[in-house]
Amino acid sequence: MPTTTTLVVGATGATGKHVVLQLLQQSQNVHAIVRSKQRLHDLLGEIDPESSVKFEKQLEVSEASILDLSDEELKKATKDVDAVVSCLGHNMSFKGLWGKPRKLVTDATRRLVEAIEANQAESNDHDKKTKFILMGTEGVTNPAGGDDPRTRSERSVIFTLRYLIPPHSDNESAAQYIHTKRDNPRLEWTVIRPTDLIDGAVSKYALFPKPQGSLFGGEDKATRANVAKSMVDMILSETLWEEWKYKMPYIQDAN
Ligand SMILES: NC(=O)c1ccc[n+]([C@@H]2O[C@H](COP(=O)([O-])OP(=O)(O)OC[C@H]3O[C@@H](n4cnc5c(N)ncnc54)[C@H](OP(=O)(O)O)[C@@H]3O)[C@@H](O)[C@H]2O)c1
């Protein structure tokens with residue numbers, strides 16, 4: 001298997017840290033852009049105390065707030081990467097929910113995609129593709145359709161979330177933006193939509209084309225480690241990638 005390089009944003013998040021560590025454990029290279037290098041090293045160290053020594057050569061960490069980077073800096077960060085993973089999300093504080101940036105996920109997605117495309121325009125390698133993996137939620141509607149039937153109450157709650165809760169609207173806008181990118185055959189994407197997230201180990205997971213069961217109060221769960229595993233598998237398995245690219249797979253732990 002060739003060694004890949006993946007840019008991870010949101011790497012200090014509850015899911016992003018697993019994506020970083022699992023890629024490193026699979027002998028892949030990772031570039032993480034994080035607001036605090038120390039926080040990333042602490043988080044990885046909590047899962048694997050030896051990680052900073054074992055993976056020193058495979059992990060590059062840049063300290064920056066993603067939206068503060070210039071277009072040139074984003075171009076540099078996305079040059080020559082095989083995949084970009086976004087596990088960005090609004091922090092669950094008053095500022096995170098209601099403060100700026102209101103469109104963190106959408107703006108980061110758009111700017112990273114534009115940076116990838118700017119690199120592609122300057123490259124002579126017309127065969128090289130870049131994978132973009134965006135983390136969403138099961139409440140994010142697939143802009144291509146196919147999620148129905150949702151119940152009337154589910155539809156009205158999604159409608160309310162969309163207009164009242166900025167992070168939900170941001171996740172939906174990001175999914176809508178990435179759907180406009182069907183025109184570039186060298187940029188392939190997927191949006192992973194997990195059911196209720198829990199902490200726990202990697203186990204078996206199942207992917208479905210659309211959310212299963214009820215949106216509220218369902219029993220299905222997905223460990224964050226399994227969501228990360230699905231992303232890592234999609235980077236490393238062309239078969240899995242071919243199955244799910246340009247789609248919005250719903251993920252839950254396999255029973
Ligand atoms: N059931 C579901 O489907 C479900 C449940 C939960 C979340 N999600 C979605 O999945 C995604 C990731 O969730 P998570 O729980 O793994 O994330 P999380 O733990 O909340 O982590 C969020 C990440 O985004 C970064 N971030 C937040 N605000 C930022 C800003 N202004 N500038 C730069 N970076 C910023 C954080 O960096 P710092 O560490 O520096 O703050 C962190 O790395 C989110 O989009 C969320 O909506 C889905």
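**Helix packing and ligand contacts**

Tutor: In this predicted model, helix H1 (residues 16–25) packs against helix H2 (residues 37–47) at an angle of about 70°, and their axes are 10 Å apart.

Student: Why are H1 and H2 called roughly perpendicular to each other?

Tutor: Angles of 65 to 115 degrees count as roughly perpendicular, and the angle between H1 and H2 is about 70°, so these two helices are roughly perpendicular to each other. Their crossing, moreover, is right-handed.

Student: What makes the approach of Thr 12 to the ligand a polar contact?

Tutor: A polar contact is a pair of N or O atoms within 3.5 Å, and an N or O atom in the side chain of Thr 12 is 2.6 Å from an oxygen atom of the ligand, which therefore meets the definition. Against that cut-off one can also set Gly 13, where a backbone N or O atom lies 3.1 Å from a ligand oxygen, and Leu 88, with a polar backbone atom 2.8 Å from an oxygen atom of the ligand. The ligand has 920 Å² of accessible area on its own, of which the protein covers 81%.

Methods: Residues numbered from 1 in each chain as written. Predicted model: local features only at pLDDT ≥ 70, side-chain atom pairs only at ≥ 80, totals over all residues. Heavy atoms only, no water. Polar contact = N/O pair within 3.5 Å; in protein donor to acceptor, adjacent residues only side chain to side chain. Areas by Shrake-Rupley, 256 points an atom, 1.4 Å probe, with all protein chains shown as cover. Axes fitted to C-alpha atoms, helices over the stretch in contact; angles between N-to-C directions. Helix = DSSP H or I, 4+ residues; strand = E, 2+ residues; numbered from the N terminus. Parallel < 35°, antiparallel > 145°, perpendicular 65-115°, else oblique. Left-handed = near helix turned anticlockwise from the far one by under 90°.
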